[in-house]
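Have your viewer ready and work through the exercises at your own pace. Try each task before you read its solution.

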Amino acid sequence: MADVKIDIAAEFTGNKAFKQAETASQKMEKQVAKLGKQLLGVFAAGKLISFGKQAAKAFAADEKAARSLSLALANTGNAFAAIEVEKFIGDLQRATGVLDDQLRPAFRTLLTATGNVKKSQDGLALALDIAAGTGKDLGAVSMALAKAYGGQTTALSRLGAGLDKATLKTGDMDAIVGQLTEKFRGQALAAAEGYAGSMAKLAVASENAKEIIGKDLLDAMQMIAGKDGIGGATTAMEGFATQVGNAIYGVGVLIAKLKEIPGAGVVSDFLTAPTGALALLSMFGRNRKISSAGTPAQSPGQRKAIDKANADALRLQREQNSLKKIDNDNTTRKLVLTADELALKELEKKFDVERVGLYAALNQSTEGETKMRLLSLIAIHDQNTAMAGMIKKANEAEDAFKQLIEAIRASIRATLDRIAAELTQLQKLTTTGANTPIEQQRAVIREKLNLAMPDISALQNNLRLNGVGINTASSGSPTYIINASGIGDQQIASVVQGAIQDLNRYGNSTTYAGAI
Amino acid sequence: MPTEVKGGIELRKALRKFTPDLAKETQKEMAGLLKPITAKARGFIPGVAPLSSWGKPASTGKFPRYSAGEAKRGIGYKTTPSRPNRKGFRSLAQINNKSAAGAIYETAGRLNPNGREQAKRREVNIPGMNSVYSTSTGKNYGKSNNPEAGSLFIQALNAQGEIKNAYKRTEGEAGRASRKMKGRAIYRAWAEDQGKTNAAIIKAIEKSRDKFNKAVGYN
């Protein structure tokens, strides 16, 4: 049944289908974006895995060739020259742009044939020149030379080096080598100078880099794989490469994004600068390699000696630890005893009759001086230096205050004395010649002065007694300004009250008529 | 076609959340505006069945029996937002005619003013039997034995109350004209109201919006 209704004030809000479609499209958009990122990551990781595998293979092949050469040297009694030969091959590689992968087999071939390192080195150098001059393979040239050293010169004649048949027939290698050297001297170096040579050198550098990375990669994998070694870590290797790939990709994206942000170049520089974070990471890895690569192969005896030394060091450390523990225990016990001793002393103080008496007297005393004296006695009794210091400071403060009061009094006395002297002189001036008109006028003035001025000597005496200063004014009703520094508020109030009571008693009310 | 407002649903949500009293007040105001319409619509419901037999209990079939009380009670209003319809519209208030008999009285004849077309019949002569079969069993065709039944039913209803169209198509309005605003009870009442209640409800919503804005210190 159709709805029979009237819709009032309808509003379009979109229905569920719209929302579902919108949500689905948003989800799809997110999924596509995610997939894109994942694909990028997969491609980047795939490339890295491929490179990692190649690097590891290159290193493995290089190491195999090096081991083979090392063994050949050992077999020919030239093991002592292993390092020198490796250096020679490395230098030759860099100079000629020929990979050590080719140089090592060629050198091994020559070494096997000659049994002499010096001859093999010369032979390899010659073989390189011949190979560069004739365009033949280094392996073939070195093999031909090796055979020639063995008396078979046929292969050498087929190199197209233009050797005399007569010379070849003699089988004299010195003559043959001399002739070949004359013909092909500097060919290898000349070949390495040109564009092709540069490319070859670049290829050498690239291969070397690959081998170095491969070695580090295998070392790192060995570190990750732990006791299972490389053999058990092939799965972990791919996972590791994926993670490294993602991390490298992430760092690349980060740097690219940082470069896009204005003002973020500082952060980018922080990452990529020669002293930046990546450089520091590289340095950290290099240092770790150096520190971890320093463990040479050890014989069972050496291993046993190292184990024993480690065990001794461990035992010594344990003994030190136990001694430290005993020391700590003693310290703790001492602290506990000190606390107990202090508690005992506090208890003794509570029942010390003399001390109790002093405190009772302190509580009952009201005078400041007595209190200070009692506190001093308590401090002496308790041997309390802190309290003694406080008492000393309080006494010093009191003395200083007294000195200040005395100085103020002296100043006021000096002022009053000076005024009294001036008044006396004035009185002397007004008491001479009483019969003259001037003298009469002076008498009037003197009388007025006597009326106006208070008794200074009485005031001085009063001041000396009570330390109260008085100023006089010259008007008809004198104003007394009382400096009552030594009198408290209560005393002033008491005096005022007394005065008011006296006035009331004498009939001089201070309030108006009708006031309550 | 109802007047479209914007933000009414959000306003109602906000009213309920922040000013529940104002939400109730708004609903009451809208109810006060809708009550006269529903009362008027109930007045259009016939007190007795338009066809005498429609009000009697049917022995067979599913056709609902007419009851004036039930039909009148079925007419009401709603002041809470509806669920979205197929086109995504929600209404803030509704007037509805819920009872089956009331809905029939409301809408019968608005699609087919002369009743449904009679289903075609076919005679099948089977030896020994003389049967007549209907060629269609669909709901768009009348199947009564009386071919005029549909037309007579509509005429009887029209005698009680004419179908009125509450939807006034404005000039130049896009889209197809709807026939779904036609009826004899609520639609008739709404048509006769001539949009006054609608305007009052819109105004009430706007008033509550202003009150809400004032209450929350928006303006």
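Below are some notes on conventions, followed by five exercises with worked solutions.

This is a predicted model, in which local features need pLDDT of at least 70 and side-chain atom pairs count only at pLDDT 80 or more, while totals for chains, interfaces and linings use all residues. Residues are numbered from 1 along each chain as its sequence is written, chains are lettered from A and ligands numbered from 1 in the order in which they are written, and side-chain values use heavy atoms, with hydrogens and water left out.

**Exercise 1. The two chains**

Task: Find how many helices and strands chain A has and how many chain B has, then look at burial and contacts in each.

Solution:
- Step 1. Helices (H or I, at least four residues) and strands (E, at least two) are DSSP runs, numbered from the N terminus. Chain A has 20 helices and three strands, and chain B has seven helices and eight strands.
- Step 2. Buried means under 20% relative accessible area, exposed over 50%, and partly exposed in between (1.4 Å probe, protein chains only). In chain A, 22% of the 516 residues are buried; in chain B, 38% of the 219 residues are.
- Step 3. Contact means heavy atoms within 4.5 Å. Taking chain A contacts between residues at least 6 apart in sequence, 47% join residues at least 24 apart. For chain B contacts with a separation of 6 or more, residues 24 or more positions apart account for 62%.

**Exercise 2. A helix pair in chain B**

Task: Decide how H1(B) and H7(B) are oriented to each other, and list the residues that make their contact.

Solution:
- Step 1. Axes are lines fitted to C-alpha atoms, for helices over the stretch in contact, and angles run from 0 to 180 degrees between N-to-C directions. H1 (residues 8-18) and H7 (residues 196-215) of chain B pack at about 45°, their axes 11 Å apart.
- Step 2. Angles under 35 degrees count as roughly parallel, over 145 as roughly antiparallel, 65 to 115 as roughly perpendicular and the rest as oblique. H1(B) and H7(B) are therefore oblique to each other.
- Step 3. From H1(B) come Leu11(B), Ala14(B), Leu15(B) and Phe18(B), and from H7(B) come Ile205(B), Ser208(B), Arg209(B) and Phe212(B).
- Step 4. Ala, Val, Leu, Ile, Met, Phe, Trp, Tyr, Cys and Pro count as nonpolar, Asp, Glu, Lys and Arg as charged, and the others, Gly among them, as polar. The contact of H1(B) with H7(B) thus sorts into six nonpolar residues, one polar and one charged.

**Exercise 3. A helix pair in chain A**

Task: Do the same for H2(A) and H4(A): what is their orientation, and which residues meet?

Solution:
- Step 1. The axes of H2 (residues 82-96) and H4 (residues 117-134) of chain A come within 12 Å and cross at roughly 15°. H2(A) and H4(A) are therefore roughly parallel to each other.
- Step 2. On the H2(A) side are Glu84(A), Val85(A), Phe88(A), Leu92(A) and Thr96(A), which meet Val117(A), Gln121(A), Leu124(A) and Leu128(A) of H4(A).
- Step 3. By class, the contact of H2(A) with H4(A) has six nonpolar, two polar and one charged residues.

**Exercise 4. Helix H4 of chain B and its surroundings**

Task: Explain why H4(B) is largely enclosed by the rest of the structure, then follow Asn97(B) to its side-chain partner.

Solution:
- Step 1. Six of the eight residues of H4(B) (residues 100-107) are buried, so this helix is largely enclosed. The six are Ala101(B), Gly102(B), Ala103(B), Ile104(B), Tyr105(B) and Glu106(B).
- Step 2. They pack against elements of chain B including H3 (68-73), S2 (89-97) and H5 (149-160).
- Step 3. At the N-terminal end, Ser99(B) acts as a cap, with a side-chain oxygen 3.1 Å from the backbone nitrogen of Gly102(B). After H4(B) comes Gly109(B), with a positive phi near 95°.
- Step 4. Asn97(B) sits in S2 of chain B and is buried, with a relative accessible area of 2%. Its side chain makes a polar contact with that of Glu106(B) at 3.0 Å (a pair of N or O atoms within 3.5 Å; within protein, one must be able to donate a hydrogen and the other to accept it, and residues adjacent in sequence count only if both atoms are side-chain atoms).
- Step 5. Leaving aside neighbours within four places in sequence, the contacts of Asn97(B) include Val4(A), Gly102(B) and Ala103(B).

**Exercise 5. Two positive phi values**

Task: Are Ala9(A) and Gln194(B) buried or exposed?

Solution:
- Step 1. Most residues other than glycine have a negative phi. Ala9(A) has a positive phi of about 55°, and Gln194(B) one of about 60°.
- Step 2. Ala9(A) lies in S1 (residues 5-12) of chain A and counts as buried, at 0% relative accessibility.
- Step 3. Gln194(B) lies in the loop between H6 and H7 of chain B and counts as exposed, at 65% relative accessibility.
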